[in-house]
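Visitor: I would like to go through this model with you and ask, at each step, what a given label rests on. Could we begin once the structure is in view?

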Amino acid sequence: ERLVDMVNSHRYGIHGTEAEHFGIAVAEMVAGGCIPFVPDDGGQVEIVNEDPNLTYHDTEDAVEKIVGMLEDPELQIETLEGLENRAEEFSEENFRRKIRRIVAREIDNRAPRIGTG
């Protein structure tokens, strides 16, 4: 609950873990409506749609990207709009929907088949 409140009350986030396999913290930031800045390697790059405005190579690059975003309200709007579909992808409801679909498919695949011949 504290994490959700924190993410929902911030507009920006920075993720510093390089070469992370997935980046759940980044997915949570996106789902909470934040604009996250992430290292340009690892799974978190996919979460931000490989947006070059959100990925950085080193500290200097991160500072340039963050300042550029802060100084450009139009870019902020475009970036948030681009991340909206990603937020839905990482929502609890979408997770439940996917799990139900997988479980239903597995149940169907294991159900005994009654043949006529």
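Visitor: Where does Leu-54 lie?

Guide: This is a predicted model, and in it Leu-54 belongs to the loop between α3 and β3.

Visitor: Why is Leu-54 called buried?

Guide: Buried is the word for a relative accessible area under 20%, and because Leu-54 has a relative accessibility of 0%, it counts as buried. Not counting residues up to four places away in sequence, Leu-54 touches Ile-35, Pro-36, Phe-37, Val-38, Val-48, Met-69, Thr-79 and Leu-83. With one of these, Met-69, the separation is 15 residues in sequence and 8.8 Å in space, taken from C-alpha to C-alpha.

Visitor: What is found in the loop between α3 and β3 at Asn-49 and Glu-50, and what makes their phi values worth a remark?

Guide: Asn-49 is found in that loop, as is Glu-50. Phi is near 60 degrees for Asn-49, a positive value in a residue other than glycine, and near 55 degrees for Glu-50, again a positive value in a residue other than glycine.

Visitor: Why is Glu-50 called exposed, and why is Asn-49 called partly exposed?

Guide: The word exposed asks for a relative accessible area over 50%, and partly exposed covers the range between 20% and that value. Glu-50 has a relative accessible area of 54%, and is therefore exposed, whereas Asn-49 has 37% and is therefore partly exposed.

Visitor: How do you know which strands are the edges of the sheet?

Guide: Three strands form an open sheet in the order β1-β2-β3, with parallel pairing. The edge strands are β1, residues 12–14, and β3, residues 55–56, because each pairs on one side only.

Visitor: What makes β1 and β2 a pair?

Guide: Two strands are said to pair if there are at least two bridges between them, and β1 and β2, the latter spanning residues 35–39, have three bridges in the parallel sense, so they count as paired. Tyr-12 has Ile-35 in β2 as its bridge partner, and Ile-14 stands opposite Phe-37 in β2.

Visitor: What makes β2 a mostly covered strand, and which helix lies across it?

Guide: Five of the five residues of β2 are buried, which means that each has a relative accessible area under 20%. Helix α5, residues 73–89, lies across β1 and β2 and runs at about 80 degrees to β2.

Visitor: Which residues lie nearest the centre of the largest pocket, and how many of its lining residues are nonpolar?

Guide: The largest pocket has a volume of about 340 Å³ and is lined by 13 residues, of which Val-4, Ala-27, Glu-28, Ala-31 and Phe-90 lie nearest its centre. By class, eight of the lining residues are nonpolar, three are polar and two are charged. Helices α1, residues 2–8, and α2, residues 24–31, each supply at least two residues of that lining.

Visitor: Why is Met-6 called partly exposed, and where is Met-6 found?

Guide: Met-6 is found in helix α1, and because its relative accessible area of 42% falls between the 20% and 50% limits, Met-6 counts as partly exposed. Met-6 and Gly-32 are 26 residues apart in sequence, and 9.1 Å apart in space from C-alpha to C-alpha.

Key. Residues are numbered from 1 along each chain as its sequence is written. This is a predicted model: local features need pLDDT of at least 70, side-chain atom pairs count only at pLDDT 80 or more; totals for chains, interfaces and linings use all residues. Side-chain values use heavy atoms; hydrogens and water are left out. Helices (H or I, at least four residues) and strands (E, at least two) are DSSP runs, numbered from the N terminus. Contact means heavy atoms within 4.5 Å. Axes are lines fitted to C-alpha atoms, for helices over the stretch in contact, and angles run from 0 to 180 degrees between N-to-C directions. On a 1 Å grid over the protein atoms alone, a cavity is a set of points where a 1.4 Å probe fits but cannot get out, and a pocket is an open set with protein on both sides within 12 Å along at least five of seven lines; lining residues have an atom within 4 Å of a point. Grid points are joined across faces, edges and corners, and a volume is the space filled by probe spheres set on the points. Ala, Val, Leu, Ile, Met, Phe, Trp, Tyr, Cys and Pro count as nonpolar, Asp, Glu, Lys and Arg as charged, and the others, Gly among them, as polar. Buried means under 20% relative accessible area, exposed over 50%, partly exposed in between (1.4 Å probe, protein chains only).
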